Amino acid sequence: MEVFIQILITGIVVGCIYGMAALGFTIVYNATKLINFANGEFLMLGGVVLTGAVTIAGLPTGVAVPVAVAVSAAIGWVMQRVILENARHSDHLTLVMLTIGVALALRGAAALVFGRDISFVPEFGFIPLVLVGNVYIPSQGIWIMLTLAVLSLALWYLFSRTLFGKAMRAASQEPRAAALCGIEPKKAAVIAMIMAAAIGGLAGTLMAPISAASYENGIFLGLKGFAAAVVGGLGNPLGAILGGLLIGVIESVTAGYVASGFKDAIGFIILILVLILRPQGLAGRAVISRV
Amino acid sequence: MSEELLTVENLVAGYGAVEVLHGVSLSIRKGQILSIVGANGAGKSTLLNTISGFIPIRSGDIRQEGRSIAKQAPAVIARAGIRHVPEGRRVFSELSVEENLQLGGYGQPKAVVQARIEHIYELFPRLLERRGQAAGTMSGGEQQMLAIGRALAADPKVLMLDEPSMGLAPLVVAEIFRLICRLRDEMGMGILLVEQNAKAALRIADLACVLSLGKVTMHGTGAELLHNPDVVDAFLGGHKAA
């Protein structure tokens, strides 16, 4: 039982990271109906910029984390303004290819700037690890869970309590009617991308101390986040978080009781099963589209 | 005559290779209803979508109080006070009635918008009853009222209505048309009304025109067109309707 709970906690912590990656996909998808395959690179960037800032520049963690988040957010902003906005009249597939291109470019740039070595940073500290019986919750795990909790609350507040957040929802539901209300769809798209990039960057910094930062991390984090967003029901922020937690926990249970080699396959097996059995996602509502 | 709020001059526009509007001219004045009637596919909705900035114009001009708005983005035109209530209402279905109205006044001072919303509730008491309800769960007539209310929340100078009677019961249509007259009389708005329900649209119109295959083929006062034999034949169901 204790072993199971320990495995569960590990899964939840990893699942929180996947959930944050999935939130990025969801927020950008809601604003622009685009799947941003560069989203995983924001997590990669958070990690490598944090390690760079700590090990090369010698910044304390408390400064290096905001720097890493800001760098990631700035890159999201540039990506939207310079690349996607100028190509907005292209067809959908072209835009998706562009995001893949951006992902590869960021990966290459990170390898050039920060090198190809895997690097570690110390844990954030301050929060002590919690020991309940023989089950322990690591300090960094508590940081990760708390961050996701605060982030969810902030996003809930933004999208359901502020006019600005409601305008973003309106622009995603009825883009034309929103424009007729004076809401700029371009602005909503930029803000969505900055939010996704900042959340991704933050998730990347949080996981850097427990699973080394490397320029290669973006692809698998992106795919896991994408799977989580789809499993939860694409476009649904709560579903994104639940999807992330589900994949994290099932991966962890698989690694603990079956074999860790199957861990990565299992996330995608879940994705395939959900797409076959419940295509609208676990938290999604059935969509009836008029032809 | 009072001032021209919106002037459309020799407007040519269309989609891709297809030209839909072949030189349309019209103007809307303060406190006047201009009704545009015409068959399906005559270009009525295209005209409104072009004025709103969704369709690029090929030649001609659109001016708001003398200033060209022909190349502006839809959100800019909306903020300038030309509000388009689109065909099919397009309310934000997941948001509440009140939230829909608040978004209608997006970008304007909160207190001012809230005062306007109170006034909108006086015009549409039904919306007040349903202020907390999700817009998508309301009836078609209520959604139409909300769509108009959402445009009014910005206190527009020109209101453009695309088929407001579509799919509604006759009693509801009458209520909406009475309200359109009140907006003209009490608030002095310039109203551009596009309708397939030609008889109702011509009855309340100060000025009217017939749009046919992308051209204005007839124009006059609402009463003139209502009694014009050609209009009667084409849109008002023959001789019975006069």
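This report describes the fold of chain A, the salt bridges within and between chains, and selected local features of a predicted model.

## Overall architecture of chain A

Chain A contains 11 helices and 2 strands. In sequence order, the elements run α-α-α-α-β-β-α-α-α-α-α-α-α. The radius of gyration of chain A is 19 Å, close to the 19 Å expected from the globule rule for 291 residues, so the chain is as compact as a globular protein of that length. The C-alpha trace of chain A extends over about 60 × 45 × 35 Å along its principal axes.

Of the 291 residues in chain A, 51% are buried. Among contacts in chain A with a separation of 6 or more, 74% are between residues 24 or more positions apart. The accessible surface of chain A amounts to about 13,500 Å², and carbon and sulfur atoms contribute 71% of that area. As to charge, chain A carries 16 positive and 11 negative side chains. The centres of these two sets are 14 Å apart.

## Salt bridges

Over all chains, the whole structure holds 19 salt bridges. Three of the pairs are listed below.

| Pair | Closest N and O atoms |
|---|---|
| Lys166(A) and Glu99(B) | 3.2 Å |
| Arg79(B) and Glu184(A) | 3.0 Å |
| Asp264(A) and Lys263(A) | 3.6 Å |

The salt bridge between Lys166(A) and Glu99(B), at 3.2 Å, crosses between chains. Lys166(A) belongs to helix H6 (residues 163–173) of chain A, and Glu99(B) to helix H3 (residues 97–104) of chain B. Both Lys166(A) and Glu99(B) are buried.

Arg79(B) and Glu184(A) form a salt bridge with their closest N and O atoms 3.0 Å apart. Arg79(B) is located in helix H2 (residues 74–79) of chain B, whereas Glu184(A) occupies the loop between helix H7 (175–180) and helix H8 (185–207) of chain A, so this pair also joins two chains. Arg79(B) has a relative accessible area of 43% and is therefore partly exposed. Glu184(A), at 22% relative accessibility, is likewise partly exposed.

Within chain A, Asp264(A) and Lys263(A) are joined through their side chains by a salt bridge of 3.6 Å, N to O. Asp264(A) is partly exposed, its relative accessible area being 38%, and Lys263(A) is partly exposed at 28% relative accessibility. These two residues belong to a network of salt bridges that also links Lys224(A) and Glu251(A).

## A buried glycine in helix H10 of chain A

Gly243(A) is part of helix H10 (residues 237–257) of chain A. Its relative accessibility is 1%, so Gly243(A) counts as buried. When residues up to four places away in sequence are left out, Gly243(A) touches Ala228(A), Val231(A) and Gly232(A). Ile127(A) lies 116 residues from Gly243(A) along the chain, and the C-alpha atoms of the two are separated by 27 Å.

## Local features of chain B

Helix H1 (residues 44–51) of chain B is mostly covered, with 7 of its 8 residues buried. The buried residues of H1(B) are Lys44(B), Thr46(B), Leu47(B), Leu48(B), Asn49(B), Thr50(B) and Ile51(B). Just after H1(B), Gly53(B) adopts a positive phi of about 95°.

Positive phi values are also found in chain B at residues other than glycine, including Glu65(B) and Arg89(B). Glu65(B) has a phi of about 45° and is placed in the loop between strand S4 (57–64) and strand S5 (67–68) of chain B. With a relative accessible area of 40%, Glu65(B) is partly exposed. The phi of Arg89(B) is near 65°, and this residue sits in the loop between strand S6 (82–85) and H3 of chain B. Since buried means under 20% relative accessible area, Arg89(B) counts as buried at 11%.

Key
Residues are numbered from 1 along each chain as its sequence is written. Chains are lettered from A and ligands numbered from 1 in the order in which they are written. This is a predicted model: local features need pLDDT of at least 70, side-chain atom pairs count only at pLDDT 80 or more; totals for chains, interfaces and linings use all residues. Side-chain values use heavy atoms; hydrogens and water are left out. Helices (H or I, at least four residues) and strands (E, at least two) are DSSP runs, numbered from the N terminus. The radius of gyration is taken over C-alpha atoms; the globule rule is 2.2 Å times the number of residues to the power 0.38. Buried means under 20% relative accessible area, exposed over 50%, partly exposed in between (1.4 Å probe, protein chains only). Contact means heavy atoms within 4.5 Å. Accessible areas come from the Shrake-Rupley method with a 1.4 Å probe; for residues, only the protein chains shown count as cover. Lys and Arg count as positive and Asp and Glu as negative; His and the chain ends are not counted. The place of a charge is taken as NZ of Lys, CZ of Arg, CG of Asp or CD of Glu. A salt bridge is a side-chain nitrogen of Lys or Arg within 4 Å of a carboxyl oxygen of Asp or Glu.
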